[in-house]
Amino acid sequence: MDQPVTRIAGGVEYTLVRKRVKNLNLRLGPGGCVRVSAPARVSGAAVDAFVASRAGWVQAARRRQQAAEAARAATPAPEPDVCLALFQAVSDRVFPRFSPVLGGEKPVIKVRDMRTRWGSCHPAKRRITLATRLALQPAQAIEYVVVHEYCHFVHPDHQAAFWALVESILPDYKARRALLKGAG
């Protein structure tokens, strides 16, 4: 496809990338940079109008991003070994429920500085990776993320059966998940 082009619309500077996509996609990247992917069939003027119509959202998202970065800087996550010990203790409590699915073998728990998610599961490698900043969240939220990731060993997607399994283990999972909203 075409090379990225820098444009300005509605007071928003953005990078336009032509891709094989169906719709216009606007994303805010690190440092507040705006990137728009667009199908080749959409004119530059239509893309500009799209970006201009979302200028308010971009400004609000940049403010949220700056606030989250300031909060991260003000409260750094504990050292990885401290996080790992905390997460391993939670995992040890959750594991018995999943032991039959995992053949009695505990998954490897890893810790990483992740900015866009609280955790991830790699079933093929029997690995759960958790964000260091998760250690700063309430115990109920940490348990929710660990259970959520363990449930991916049974259901790798987020379909209804996955959420039913999460709810069977944590009936209040929605409230626990809500603790993480805005904590980004």
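Of the 184 residues of the chain, 38% count as buried. The model is predicted, and the exercises below work through its overall form, one sheet, its salt bridges and one loop residue.

**Exercise 1. Overall form**

Task: State which secondary structure elements the chain has, and decide whether the chain is compact or spread out relative to the globule rule.

Solution.
1. Count the elements: the chain has six helices and seven strands.
2. Put them in order from the N terminus: β-β-β-β-α-α-α-β-β-β-α-α-α.
3. Compare the radius of gyration with the rule. The chain has 20 Å, well over the 16 Å that the globule rule gives for 184 residues, so it is more spread out than a compact globule.
4. Add the box: along the principal axes, the C-alpha atoms fill roughly 60 × 35 × 30 Å.
5. Add the contacts: among those between residues at least 6 apart in sequence, 46% join residues at least 24 apart.
6. Add the surface: about 10600 Å² is accessible, and 53% of this belongs to carbon and sulfur atoms.

**Exercise 2. The sheet with strands 5, 6 and 7**

Task: Give the strand order of the open sheet of three strands, find its edges, and place the helices that lie across its strands.

Solution.
1. The order is 5-7-6, and the pairing is mixed.
2. Strand 5 and strand 6 each have a single partner strand, so these two stand at the edges, with one side of each left without a neighbour in the sheet.
3. From one strand to the next, the twist averages 20°.
4. Strands of a sheet pair through backbone hydrogen bonds, in either the parallel or the antiparallel sense. For strand 5 and strand 7 the sense is parallel, over five bridges.
5. One bridge to locate is that of Val108, whose partner in strand 7 is Arg127.
6. Helix 3 lies across strand 5 and strand 7, at about 145° to strand 5.
7. Helix 4 (residues 139-151) lies across strand 6 and strand 7, at about 150° to strand 7.

**Exercise 3. Salt bridges**

Task: For the pairs Asp48 with Arg7, Asp92 with Lys106, and Arg176 with Asp172, give the N to O distance. Then classify each residue as buried or partly exposed.

Solution.
1. The whole structure holds six salt bridges.
2. Asp48 and Arg7 meet at 2.8 Å. Asp48 is in helix 1 (residues 44-53) and Arg7 in strand 1 (residues 5-9), 41 residues apart, and the pair links distant parts of the chain.
3. The cut-off for buried is under 20% relative accessible area. Asp48, at 19%, is therefore buried, whereas Arg7, at 26%, is partly exposed.
4. Asp92 and Lys106 meet at 3.0 Å. Asp92 lies in helix 3 (residues 80-98) and Lys106 in the loop between helix 3 and strand 5 (108-112), so the pair ties together parts 14 residues apart in sequence.
5. Asp92 is partly exposed at 33%, and Lys106 is partly exposed at 42%.
6. Arg176 and Asp172 meet at 2.8 Å. Salt bridges that share partners join these two residues and Glu143 into one network.
7. Arg176 is buried at 12%, while Asp172 is partly exposed at 36%.

**Exercise 4. A loop residue**

Task: Where does Arg126 lie, and what is notable about its phi?

Solution.
1. Arg126 lies in the loop between strand 6 (119-122) and strand 7 (127-131).
2. Most residues other than glycine have a negative phi.
3. Phi of Arg126 is near 50°, a positive value in a residue that is not glycine.
4. With 25% relative accessibility, Arg126 counts as partly exposed.

Definitions and conventions
Residues are numbered from 1 along each chain as its sequence is written. This is a predicted model: local features need pLDDT of at least 70, side-chain atom pairs count only at pLDDT 80 or more; totals for chains, interfaces and linings use all residues. Side-chain values use heavy atoms; hydrogens and water are left out. Helices (H or I, at least four residues) and strands (E, at least two) are DSSP runs, numbered from the N terminus. Buried means under 20% relative accessible area, exposed over 50%, partly exposed in between (1.4 Å probe, protein chains only). A salt bridge is a side-chain nitrogen of Lys or Arg within 4 Å of a carboxyl oxygen of Asp or Glu. Two strands pair if DSSP finds at least two bridges between them. Axes are lines fitted to C-alpha atoms, for helices over the stretch in contact, and angles run from 0 to 180 degrees between N-to-C directions. Contact means heavy atoms within 4.5 Å. The radius of gyration is taken over C-alpha atoms; the globule rule is 2.2 Å times the number of residues to the power 0.38. Accessible areas come from the Shrake-Rupley method with a 1.4 Å probe; for residues, only the protein chains shown count as cover.
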